[in-house]
Amino acid sequence: MALVTGLAAPMTPIIAQPRAGQQSGAAEKPEIRGRVVTGYQGWFRAPGDGTDQGWVHWGGRRQFPQRRSTVDMWPDMSEYTSAEKFPTPYRHADGSVAHVFSSAHPRTVRRHFEWMRDYGIGGAMQQRFVTGTRSAARRASLDRVLANTRAASRATGTPWALMYDLSGLKAGEIRTLLFKDIRRLIVEEKILQDPYYLHHDGKPLIAVWGVGFRVNRNYSVEESIELVELLQNDRDLGGNAVMLGVPYWWRENVRDAEGHERFHELLRRVEIVSPWSVGRVRDPRTAASRVDQVLRPDLAWTRRAGNAYLPVISPGFSWVNLQRSRGVADLPAYEAIPRLDGAFLWSQAVAAKQAGAEMIYVAMFDEVDEATCIFKVTNDPPVNGTDGERFISYGDNVPSDHYLWLTGEISRMLRGETPTRERMPRRRAVR
């Protein structure tokens, strides 16, 4: 990748100090408005991490068969302790063993939340896939990561909120699985009483992703309406604010949207609408064009409806190894949506700010599966992949923490602490 003019010297270690006032008032119901938050998958597992699940989200079928990975980027493991490192069949160029982490390890999750704090990122949306609650073993694994997130939030002062992902649910499972799970988490586990739990307009925020999409959704809009009513009005659950993750073309109700006649009725009931833009915006020019074509009209709709708008931005996209593991014959190219050394992410953030957004969601913090991550990945990935398999990096001249730093800069721009400029900011080297 070509180096963007103005970046610091290659691999210069830069660790930002916590922003002054970044977490101010966090113990008094931190609000999502004014923040840049990021999605935290926390779905990685490894043999020996105590979950007995194998290589979840590192290799196909929960293992590394014949060194077959499902990720396109490799985490930078240089800061992890030996207890957090799990050896793989892969090797770096010098012949050393390539290690990965497990989200089940509490120190690893705390480390990730420390990075959010140190680089000025406003909080995390902890992903919780409802299909994972079908079995006791998988639910226990999800609970373990959730406990890690809660502990990391308390230790670092980094706000968090729960985000349910409905992907893969069958008809009726919103009621049979999600209703039961959320009642347990709120009533028994008391997650909403965490000191740094994110709120919206004074109400605890519960996010639900995957409503209204056209394909691969076996649950109905009617079931989603019932879910929203439960979260907002159930006496035992309290009055929560609800954020819905919806299709990019939700307002016109076309293309990736289901077109259901009651969809807009549902959206008028919730507090925050968040359209999924990953794959719908592919370059800075398109991002700039969407200010007037999409973002401002979206914002106007939500304001008329009396709710808020959370645009999604992402740093890039690549999923060749994941598709290969699924048996796809016609594989896409690596770096299908180029990062441009951060210029792509920055262009989307500028577009959101210019349109009038008051909050931004970055997808994602740790998703190396589709190479949308912003956390630290290595410029020295394994080299012994099979059948053309390889791993990409942020770029030879891009520090591993570049996207953490850049997301912190986006936070500053959103809050008006720095000007909104189309050109990505210059990163100063620490001497």
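**Salt bridges and a helix pair**

Reader: Is Arg-184 buried or exposed?
Author: In this predicted model, Arg-184 has a relative accessible area of 19%. Buried means under 20%, so Arg-184 counts as buried.

Reader: Which residue meets the side chain of Arg-184 in a salt bridge of 3.1 Å?
Author: Side chains of opposite charge can pair when their charged atoms come close. Arg-184 lies in helix α3 (residues 173–188), and its partner sits in helix α2 (residues 136–156), so the pair ties together parts that are 41 residues apart in sequence. That partner is partly exposed, at 23% relative accessibility. The residue that meets Arg-184 is Asp-143.

Reader: Which residues are linked with Asp-143 and Arg-184 in a network of salt bridges?
Author: Let's follow the pair a little further. The network holds Asp-143 and Arg-184 together with Arg-128 and Asp-181.

Reader: Where does Arg-111 lie, the residue whose salt bridge links distant parts of the chain?
Author: The side chain of Arg-111 meets Glu-84 at 2.6 Å, N to O, and both residues are buried. Glu-84 is in the loop between β1 (36–40) and β2 (86–91), 27 residues apart from its partner. Arg-111 itself lies in helix α1 (residues 106–118).

Reader: How are α8 and α9 placed to each other?
Author: Two packed helices are described by the angle between their axes and the distance between the axes. Here α8 (residues 343–355) and α9 (residues 402–414) have axes 11 Å apart, at an angle of about 15°. Angles under 35 degrees count as roughly parallel, so α8 and α9 are roughly parallel.

Note on methods. Residues numbered from 1 in each chain as written. Predicted model: local features only at pLDDT ≥ 70, side-chain atom pairs only at ≥ 80, totals over all residues. Heavy atoms only, no water. Axes fitted to C-alpha atoms, helices over the stretch in contact; angles between N-to-C directions. Helix = DSSP H or I, 4+ residues; strand = E, 2+ residues; numbered from the N terminus. Parallel < 35°, antiparallel > 145°, perpendicular 65-115°, else oblique. Salt bridge = Lys/Arg side-chain N within 4 Å of Asp/Glu carboxyl O. Buried < 20%, exposed > 50% of the residue type's maximum accessible area, 1.4 Å probe, protein only.
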